[in-house]
Amino acid sequence: MLPRKLSTLIPTTARAAPFTSLPPCRGPQRSLPAAYYRGGTSRAVFFKQSDLPTDRASWDDIFRHVIGSPDPNGRQLDGLGGGISSLSKICVVGPSTRPDVDIDYTFVAVGVKDSQVDYSSNCGNMISAVGPFAVDSQLVPAQLDGSTEADLRIHNTNTGKIIRSRFPVEDGEAASSGSFAIDGVAGTAAKIQLDFLDPAGSRTGVLLPTGKARDIFDDVSTTCIDVGNPCCFVLASDLGVKGTVTADEIDAHPTLLSRLDSIRRQAGVAMGLAHQPDCVPGSVPKIGMVSTPPETQGSEPAVDVLVRALSVGQPHRAVPITVALALAAAAKVPGSVVASVTRAPPIDGSGITLGHASGTLMVGAEFTLDGQLSHATVFRTARRLMEGRVFWKA
């Protein structure tokens with residue numbers, strides 16, 4: 001077990017008052033204590049599990065109203081969603097239910113135009129905000145043994161996997177300012193290191209759920225892999241598009257989204273996630289199109305592989321972190337679709353550099369000598385945007 005460094009240095013009176021101490025609200029609307037965080041290239045409403053009803057059957061309706069779904073206009077103007085899948089998310093954080101972790105975290109993907117409330121996957125972007133939320137809301141003490149870094153082990157209840165989160169703290173709260181930048185987010189912030197421990201088999205129990213590096217669905221070569229979340233990858237060229245295709249071009253293409261969804265659903269059945277294609281969850285497996293990056297003029301290529309990912313049926317403006325983790329692992333699997341288009345050796349020995357719709361992302365994947373994926377690492381930023389009470393109509 002990795003060492004923990006949790007103790008209490010700063011008295012609670014010197015810290016921001018926990019938002020659960022706010023007085024109850026009166027009036028025609030219902031409300032709960034909540035916070036709003038950016039995590040990586042996503043945003044989500046955060047709840048303490050203790051603030052939600054003990055009857056989990058009532059959670060779905062609360063989450064829909066809070067996010068503003070379903071919205072046939074796709075804008076979620078009557079809630080805190082942002083009209084796209086990366087901004088239509090809920091995170092629930094509570095005390096640890098395992099002796100080897102510090103905190104439990106449940107991720108919820110909420111449909112934009114439909115009423116789907118999906119607990120079937122993890123979110124690699126939003127998990128970057130889970131540790132800061134746990135410290136800011138005093139679910140765990142800040143890092144207080146003289147160190148300026150928090151070191152938390154987070155149990156993702158969706159997948160049963162553990163993620164180690166390390167980030168700076170200041171005055172008993174997660175630091176927000178820093179010099180680290182990620183593509184897709186303006187400005188800089190404090191660096192957060194996420195180590196996904198033993199990430200293979202998040203839902204299926206194995207790295208390659210079909211037992212093969214390649215399968216064929218709709219006459220398209222596909223690699224099915226389960227790292228962080230179940231994912232599948234296809235060649236952009238097999239679908240008749242360039243690897244540099246934009247999200248708007250994907251949306252506007254007359255057949256591309258339907259072809260990708262057909263492949264994704266068949267892959268989901270082959271991976272054992274459902275018995276038939278129409279029962280495959282919307283959030284997993286995720287799907288990405290990959291390609292070899294074009295040569296840059298007069299210099300080495302800036303990235304090792306291009307990826308265009310979809311999340312809940314929508315083209316992602318960056319790349320979901322769990323897709324990036326799965327892609328980095330697939331790049332090291334001989335015979336995989338990803339390995340066939342990934343440049344070798346990588347431009348940075350620390351990991352694979354991915355080119356996505358908003359820039360680049362470096363992800364590390366380490367295998368043991370016997371071929372087991374030991375961990376995958378990614379660096380993100382996160383920030384608390386709001387805390388108080390969230391309201392919805394009864």
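The second largest pocket of this predicted model is lined by 17 residues, and those that lie nearest its centre are Thr 41, Ile 84, Ser 86, Leu 87 and Arg 317. The space in this second largest pocket comes to about 230 Å³. Two strands, S2 (42–48) and S15 (314–315), each supply at least two residues of its lining, and when the lining residues of the second largest pocket are divided by class, five are nonpolar, nine are polar and three are charged.

**Open and closed spaces**

The largest pocket holds about 580 Å³ of space, and 38 residues line it, with Ser 85, Ser 311, Val 312, Gly 313 and Gln 314 lying nearest its centre. Several elements each supply at least two residues of this lining, namely strand S4 (103–110), helix H4 (256–270), strand S13 (286–291), strand S14 (305–311) and helix H5 (321–330). Of the lining of the largest pocket, H4 gives the largest share, which amounts to five residues. Sorted by class, the lining of the largest pocket has 13 nonpolar, 18 polar and seven charged residues.

A cavity is a separate matter, and a search of the whole structure finds one cavity of 30 Å³ or more. The largest cavity has a volume of about 40 Å³, and the residues that line it are Asn 122, Thr 159, Lys 161, Ile 162, Ile 163, Phe 196, Pro 199 and Gly 228. Strand S7 (residues 161–170) gives the most to this lining, with three residues. Taken by class, the lining of the largest cavity has four nonpolar, three polar and one charged residues.

The table sets the three spaces side by side.

| Space | Volume | Classes of lining residues |
|---|---|---|
| Largest pocket | about 580 Å³ | 13 nonpolar, 18 polar, seven charged |
| Second largest pocket | about 230 Å³ | five nonpolar, nine polar, three charged |
| Largest cavity | about 40 Å³ | four nonpolar, three polar, one charged |

**Strand S3 and its neighbours**

Strand S3, which spans residues 89–95, is mostly covered, since six of its seven residues are buried. On one side of the pairing pattern, S2 and S3 run parallel and are joined by four bridges, and within this pair Val 45 stands opposite Ile 90 in S3. Between these two strands the chain passes from S2 through helix H1 (residues 59–67) to S3, and this β-α-β crossover is right-handed. Strand S3 also pairs with S4, here in the antiparallel sense and over seven bridges, and Gly 94 stands opposite Asp 104 in S4.

**Strand S12 and its neighbours**

Strand S12, made up of residues 229–235, is mostly covered as well, with seven of its seven residues buried. In a regular strand the side chains alternate between the two faces of the sheet. Both faces of S12 are covered, with Asn 229, Cys 231, Phe 233 and Leu 235 buried on one side, and Pro 230, Cys 232 and Val 234 buried on the other.

Strand S11 (residues 220–227) pairs with S12 in the antiparallel sense over six bridges, and in this pair Ile 225 has Cys 231 of S12 as its bridge partner. The two strands S11 and S12 form a hairpin with one residue between them, and Gly 228 in the turn has a positive phi of about 80°. Gly 228 is also among the residues that line the largest cavity. Strand S12 further pairs with S13, in the parallel sense and over five bridges, and the bridge partner of Phe 233 in S13 is Gly 288.

**Cysteines without disulfides**

The structure holds zero disulfides. Why does Cys 123 not form a bond with Cys 91? The sulfur of Cys 123 is 6.6 Å from the sulfur of Cys 91, its closest cysteine sulfur, and therefore too far for a bond, whereas a disulfide requires two sulfur atoms within 2.5 Å. Cys 123 is buried, with a relative accessible area of 6%.

A similar reasoning can be followed in strand S12. The sulfur of Cys 232 has its closest cysteine sulfur in Cys 224, at 5.6 Å, and this too is too far for a bond. Cys 232 is buried, with a relative accessible area of 0%, and Cys 232 shares its side of S12 with Pro 230 and Val 234.

Technical notes:
Residues numbered from 1 in each chain as written. Predicted model: local features only at pLDDT ≥ 70, side-chain atom pairs only at ≥ 80, totals over all residues. Heavy atoms only, no water. 1 Å grid on protein atoms, 1.4 Å probe; cavity = no way out; pocket = protein on both sides within 12 Å on 5 of 7 lines; lining within 4 Å. Points joined across faces, edges and corners; volume = space filled by probe spheres on them. Nonpolar A, V, L, I, M, F, W, Y, C, P; charged D, E, K, R; others polar. Buried < 20%, exposed > 50% of the residue type's maximum accessible area, 1.4 Å probe, protein only. Pairing = 2+ DSSP bridges. Right-handed = clockwise from strand over helix to strand, strands pointing away.
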